[in-house]
Amino acid sequence: APNMEEALESTTPFMTIDPMVSNRLESVYSALKDGDWKSLILNDEELKERLQSQGVENPEDRSSIKWDDANIFFLSCVALSPIGQPLPLEAGISKERFGRFPFGNGSALSYLRDWIRDSKRNPDSLEILSDLLEKLDSRMSGTSMERGIGRLDMRGWLTLNETIELRKALTSKCWMPAASEPLDGGCQDAAKHLLALIRAAEKRRCGILLRVHN
């Protein structure tokens, strides 16, 4: 019989944490949600140039851009190398381990959200932790940016400041695994791999995006 990891490989999606231009996330998200695309472009010269280099002739005119909202969001915000290539976060084995967590829907984030409990030591931090995990896991849910052509499937994002907050909360003593958690050491493991990706993002001073690859 195949082991759990192998069984999982074939059925669950792969998750990635992508590096994003932190100070652009909120503004692009709001512009696409509330529809004031033009003022976004007028206030972000670098974004205008980025879109032009991608072949968009009139970046300030949303209706002239042929992409869907999901692709616009991703292409506007993904952090690029100096030569304009996507540059994934470096987190060694944690990238794979986070990418396909050996439980349930394969998501380390869902696992953490389901199985961490209050350690009674710092309830305020736990609230912050839960809020940030939820944002990273589902901030895009129900918006036009959630899914796009080319199988783009994005769950949520955090700015650099929120990413730092999440690291502080995850490494604090505010939580403990539920006594009944289904995987022995599962929460510790999920937290460890997420932290490796967070630290890589902090090093690059970028925000993060949770993306699903089916």
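**Exercise 1.** Is the crossing of α7 and α8 left-handed or right-handed?

*Solution.* Let's start with the ground rules: this is a predicted model, where local features need pLDDT of at least 70, side-chain atom pairs count only at pLDDT 80 or more, and totals for chains, interfaces and linings use all residues. Residues are numbered from 1 along each chain as its sequence is written, and side-chain values use heavy atoms, leaving out hydrogens and water.

Step 1: α7 covers residues 108-115, and α8 covers residues 123-138. (Helices are DSSP runs of H or I with at least four residues, strands E runs of at least two.)

Step 2: the two helices pack at about 145°, with axes 10 Å apart.

Step 3: their crossing is left-handed, that is, the near helix is turned anticlockwise from the far one by less than a right angle.

Step 4: in contact (heavy atoms within 4.5 Å) are Leu109, Ser110, Leu112 and Arg113 of α7 with Leu133, Glu134, Leu136, Asp137 and Ser138 of α8.

**Exercise 2.** Find out why α7 is largely enclosed by the rest of the structure.

*Solution.* Step 1: look for buried residues (under 20% relative accessible area, 1.4 Å probe, protein chains only); in α7 they are Ala108, Leu109, Ser110, Tyr111, Leu112 and Trp115.

Step 2: six of the eight residues are buried, so the helix is largely enclosed.

**Exercise 3.** Work out which strands pair with β4 (residues 152-158).

*Solution.* Step 1: pairing requires at least two DSSP bridges. β3 (residues 147-148) joins β4 through two bridges, antiparallel, and Arg147 has Asp153 as its partner.

Step 2: β6 (residues 207-213) also runs antiparallel to β4, over four bridges, with Met154 opposite Arg211.

Note on methods: Buried means under 20% relative accessible area, exposed over 50%, partly exposed in between (1.4 Å probe, protein chains only). Axes are lines fitted to C-alpha atoms, for helices over the stretch in contact, and angles run from 0 to 180 degrees between N-to-C directions.
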